[in-house]
Amino acid sequence: MTVWTSNEDQLKLFDTIAAAYRAQHPEVSSITFESLPFADYNTTLTTQIAGGNAPDLAWMGDLSRDLIASDALVGLTDKLKATDGWNYDDLLDSATKEFSRDDTLYAYPFSNSPFALYVNTDLLAAAGQKIDPETLTWDQVAAAGAAVHAKTGKAGFVIRDFDYKSWNTLATVWTGFGAAAWSPDGKTCTFAGPEMQQAFTFLHNAAFKTQAMPGPGTKADFFAGDAAFTVAQVSRASLLDGKFTFALHPLPAGPIGRYAVLGQAGVGVLAAGKHKEQAADFLAYLTNPVNAEKLAQFFPPPRKSLLTGAKLAANNEVLSAAQLQEVVVDQLPKAVTLPNHTSPAEIAQKATTALDAMWKADADIPAVLNSVCAAIDPILTK
């Protein structure tokens, strides 16, 4: 099974579950978890599939639509429904939507992690800044972040994993401005719209005028204590190690008000794998109610029965029941997913190249956003 995590605690849990499964299935000689770098994950996985060296199971994010459309995944619905005690009806319809086609589930949505705002309250205090999470807006985050940078030299706010390359992570901000990457049917680019222009003007000002956000080429890891705020998924809380006092809140309000954004990952059985039946059986075991509850300490589950703050906190050593209720359970029903489309690698490459011109102090923001649409519209209409 390929994964993109290298977190020792997460891999240890996977190994523990695999060992328990093998104890019941001695005919399975080994179950291994191969960690692939996140930045190269999609490319590596598709290369493995094309080269006849596909894994039996794989995590997937925005690659899921391509894999489903190309019949590269094994349908799971019948297997999971037939597994004693699995309780297929416990799955949230909203969680399975991205991984389904024609009423068949092709990947189990094991991680349904809303993005949240992490706050280093020690840095805020050092800069004499206070925030009210009940009324917090992006403008207020930027103002506090700029003040922290001016006072301490540390970064203000960081969109984790963005690094001026992974533009889709900026949906955690632009959604609050009423913007979207493309139309609901996925056929038309909407980067050039006024809402997106407003969102990118905010981000550009933060990077180049107020220094509320680190500029290109500047690294700042919130979890190492280098920034006052970061936007990251709830599952990233495992990186907190007690170096500083933190708070966790839903995303700040944008011009449209409160909103929520969800990052999902599924795990599916590859049709090109050499052990499809065994892989599907292990997947059913890995995701049954008992193991789903164990995995929930890192990955918010799609099971309705587990989606309460108290349930999620039972195995979570970092976040409280109240925090998990507020930033996971209460956000899931209204959350939109990160941009997802077929041909994700091609879209990502074209959009990233076009957006390179945005990250200069004198960028023509409307012109750059128009160039993004010129680059990706031909792909969207395929």
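**Helix α7, paired charges and enclosed spaces in a predicted model**

On helix α7, the buried residues are Trp138, Val141, Ala142, Ala144, Gly145, Ala146 and Val148. The structure described here is a predicted model. The buried residues of α7 pack against quite a list of partners: the helices α6 (121-126), α8 (171-174) and α9 (194-208), along with the strands β6 (108-120), β7 (155-159) and β8 (227-233). The length of α7 can be checked too. The helix runs over residues 138-152, and at 1.5 Å a residue its 15 residues should span 21 Å; the C-alpha atoms at its ends are 21 Å apart, so the two values agree. Right after α7 comes Gly153, with a positive phi near 85°.

A positive phi also turns up in two residues that are not glycine. Asn87 has a phi of about 65°, and Ser343 has one near 55°. Both sit in loops: Asn87 between α4 (77-82) and α5 (93-96), Ser343 between β11 (336-337) and α14 (344-355). As for exposure, Asn87 has a relative accessible area of 44%, so it is partly exposed. Ser343, at 23% relative accessibility, also counts as partly exposed, because buried means under 20%.

Next come the charged pairs. Side chains of opposite charge can pair when their charged atoms come close. The count for this model comes to ten salt bridges, and three of the pairs are taken up here, starting with Arg65 and Glu98. Their side chains meet at 3.2 Å, N to O. Arg65 belongs to helix α3 (residues 64-69), while Glu98 is in the loop between α5 and β4 (100-101), so this salt bridge ties together parts that lie 33 residues apart in sequence. Arg65 is partly exposed at 34% relative accessibility, whereas Glu98, at 16%, counts as buried.

Another salt bridge joins the side chains of Lys219 and Asp163, with an N to O distance of 2.9 Å. Here both partners come from loops: Lys219 from the one between α9 and β8, Asp163 from the one between β7 and α8, and the pair therefore ties together parts 56 residues apart in sequence. Lys219 is exposed, with a relative accessible area of 64%; for Asp163 the value is 33%, which makes that residue partly exposed.

In the pair of Lys382 and Glu346, the side chains meet at 3.3 Å, N to O. Lys382 lies in the segment after α15 (365-380) and Glu346 in helix α14, so parts 36 residues apart in sequence are tied together. Lys382 has a relative accessible area of 69% and is exposed. Glu346 stands at 31% and counts as partly exposed.

Arg65 and Glu98 come up again in the pockets. The second largest pocket has a volume of about 810 Å³. Its lining takes in 34 residues, and the closest to its centre are Arg65, Glu98, Val336, Thr337 and Leu338. That puts the two partners of the 3.2 Å salt bridge among the residues closest to the centre of this pocket. The elements giving two or more residues to the lining are α5, α8, β10 (261-269) and β11. Sorted by class, the lining has 17 nonpolar, eleven polar and six charged residues.

What about enclosed space? A search of the whole structure turns up one cavity of 30 Å³ or more, and the largest cavity holds about 30 Å³ of space. Phe162, Tyr164, Lys165, Trp167, Thr352, Leu355, Asp356 and Trp359 line it. By class, that lining breaks down into five nonpolar residues, one polar and two charged.

Finally, a look at one residue of helix α1 (residues 8-24), namely Gln10. Is Gln10 buried or exposed? At 6% relative accessibility, Gln10 counts as buried, because the cut-off for buried is under 20%. With neighbours within four places in sequence left aside, Gln10 is in contact with Thr5, Ser238, Phe298 and Phe299.

Definitions and conventions: Residues numbered from 1 in each chain as written. Predicted model: local features only at pLDDT ≥ 70, side-chain atom pairs only at ≥ 80, totals over all residues. Heavy atoms only, no water. Helix = DSSP H or I, 4+ residues; strand = E, 2+ residues; numbered from the N terminus. Expected span 1.5 Å × (residues − 1). Buried < 20%, exposed > 50% of the residue type's maximum accessible area, 1.4 Å probe, protein only. Contact = heavy atoms within 4.5 Å. 1 Å grid on protein atoms, 1.4 Å probe; cavity = no way out; pocket = protein on both sides within 12 Å on 5 of 7 lines; lining within 4 Å. Points joined across faces, edges and corners; volume = space filled by probe spheres on them. Nonpolar A, V, L, I, M, F, W, Y, C, P; charged D, E, K, R; others polar. Salt bridge = Lys/Arg side-chain N within 4 Å of Asp/Glu carboxyl O.
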